[in-house]
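Here's a quick tour of a protein fold, put together for someone just starting out. Have a look at the picture first, then work through the points below.

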Amino acid sequence: MMESTAEMQALKDKLKATWMSGDYGHFAKYLEPGALDFLERLAIPPGTKMLDVACGAGQIAIPAARAGVRVTGVDIAANLIAQARERARTEGLDVQFEEGDAEALPFADASFDIVVSLIGAMFAPRPELVAAELLRVCRPGGRIAMANWTPEGHVGQMFKIIGRHVPPPPLMTPPPKWGDEATVRERLGRGTRSLQLTKRRYPMVYPFPPAEVVEFFCTYYGPTVRARAALDPQGQQALLRDLEQLWRANNLATDGTTHVEAEYLEVNAIREG
């Protein structure tokens, strides 16, 4: 069934509001070590033209620019773009940050040497458009690199729990499908000449116990902020209880802090041509 333009626009507005709620810039601070690991493995030479899709508050765009990469960042959330611009200005870095949609990137064909998305483009509702756009703005022979939560990993499980309490919109393709190898081959295989997929672990380390981690997510992370707000007090308690149980079950720390290794799929592709 084809969705109507009005229905899709309503979903887009809702997604934008989701990512603008909470404070992703603050939320992402604890995720910085994993983000820097991902960036380091990409080994992007200085002077390379890089596009960071769904860049948030600049988690990898800012450190890449520090290393001499010519960075452009794009995100649907206007407040995160404002934070990213402020960070770049404070550090005296020349980075272009623009508000925009991963399904319709505001850039010309073949504009970038490398197109990157760290746990970002996977959340757009129409993955076939995202895949087409990542390929379109990447130059022939350029690279596309993504990190996407897997369906069976910790964050994939977290989204399943949220979906049981607050069902996702019917037009929304499940984001963790981007962490499924066969699905990624289907989406990016046709426009690439090589596609390397590697499962990795993302350290999620917090200096407080799982119950407080859940509270932290419900305060600063858009999807959990909105899920909690959609429920009555009883529903909120049930959601928090289930999320706490998941974090406790996957917690490797034994000293009252939290350390979860969340599985993601690292995608490295070379655009054909």
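How many helices and strands does the secondary structure of the protein come to? It comes to 11 helices and 7 strands. Keep in mind that what you're looking at is a predicted model.

**The big picture**

- A compact globule of 273 residues would have a radius of gyration near 19 Å, and the protein comes in at 18 Å, so the two agree.
- If you lay the C-alpha trace along its principal axes, it spans about 55 × 45 × 35 Å.
- Buried residues account for 52% of the 273 residues.
- Look at the contacts with a separation of 6 or more: 77% of them join residues 24 or more positions apart.
- The accessible surface adds up to about 12200 Å², and carbon and sulfur atoms hold 52% of that surface.
- There are 30 positive and 34 negative charges, and their mean positions sit 3 Å apart.

**The strands and who pairs with whom**

- Start with strand β1, residues 49–53, which runs parallel to β2 and is joined to it by 5 bridges.
- One spot to find in that pairing is Lys49, whose bridge partner in β2 is Arg70.
- Strand β1 also pairs with β4, again in the parallel sense, over 3 bridges.
- In that second pairing, Asp52 has Val116 of β4 as its bridge partner.
- Strand β4 in turn is joined to β5 (residues 138–149) by 6 bridges, and these two run parallel as well.
- Here you can pick out Phe112, which is matched with Cys138 in β5.
- How covered are these strands? In β2 (residues 70–75), 5 of the 6 residues are buried, while in β4 (residues 112–118) the count is 6 of 7.

**Zooming in on Thr72**

- Thr72 belongs to strand β2.
- Is Thr72 buried or exposed? Its relative accessibility is 11%, and buried means under 20%, so Thr72 counts as buried.
- Setting aside neighbours within four places in sequence, Thr72 touches Met50, Leu51, Asp52, Gln96, Phe107 and Phe112.
- Two of those names have come up already: Asp52 is the bridge partner of Val116, and Phe112 is the bridge partner of Cys138.
- For a sense of distance, try Glu212: Thr72 and Glu212 are 140 residues apart along the chain, and their C-alpha atoms are separated by 35 Å.

**Helix α9 and its surroundings**

- Helix α9 covers residues 210–220, and its buried residues are Pro210, Val213, Val214, Phe216, Phe217 and Cys218.
- What do the buried residues of α9 pack against? They meet the helices α2 (24–27), α7 (154–165), α10 (222–229) and α11 (233–250), plus the strands β6 (192–206) and β7 (258–271).

**Two buried alanines in loops**

- Ala253 sits in the loop between α11 and β7.
- At 19% relative accessibility, Ala253 falls under the 20% cut-off, so Ala253 counts as buried.
- Beyond its neighbours within four places in sequence, Ala253 is in contact with Thr258 and His259.
- Ala253 and Val205 are 48 residues apart along the chain, with 9.0 Å between their C-alpha atoms.
- Ala102 is placed in the loop between β3 (96–99) and β4.
- With a relative accessible area of 13%, Ala102 is buried too.
- Apart from neighbours within four places in sequence, Ala102 has contacts with Val53, Ala121, Ala124, Val130 and Glu133.
- Compare Ala102 with Leu231: they are 129 residues apart in sequence, and 29 Å apart in space from C-alpha to C-alpha.

**Two alanines with a positive phi**

- Most residues other than glycine have a negative phi.
- Ala43 isn't a glycine, yet it has a positive phi of about 45°.
- You'll find Ala43 in the loop between α3 (32–42) and β1.
- Ala43 has 54% relative accessibility, and exposed means over 50%, so Ala43 counts as exposed.
- Ala110 also has a positive phi, near 55°.
- The loop between β3 and β4 is where Ala110 lies.
- How accessible is Ala110? At 36% relative accessibility, Ala110 counts as partly exposed.

Definitions and conventions: Residues are numbered from 1 along each chain as its sequence is written. This is a predicted model: local features need pLDDT of at least 70, side-chain atom pairs count only at pLDDT 80 or more; totals for chains, interfaces and linings use all residues. Side-chain values use heavy atoms; hydrogens and water are left out. Helices (H or I, at least four residues) and strands (E, at least two) are DSSP runs, numbered from the N terminus. The radius of gyration is taken over C-alpha atoms; the globule rule is 2.2 Å times the number of residues to the power 0.38. Buried means under 20% relative accessible area, exposed over 50%, partly exposed in between (1.4 Å probe, protein chains only). Contact means heavy atoms within 4.5 Å. Accessible areas come from the Shrake-Rupley method with a 1.4 Å probe; for residues, only the protein chains shown count as cover. Lys and Arg count as positive and Asp and Glu as negative; His and the chain ends are not counted. The place of a charge is taken as NZ of Lys, CZ of Arg, CG of Asp or CD of Glu. Two strands pair if DSSP finds at least two bridges between them.
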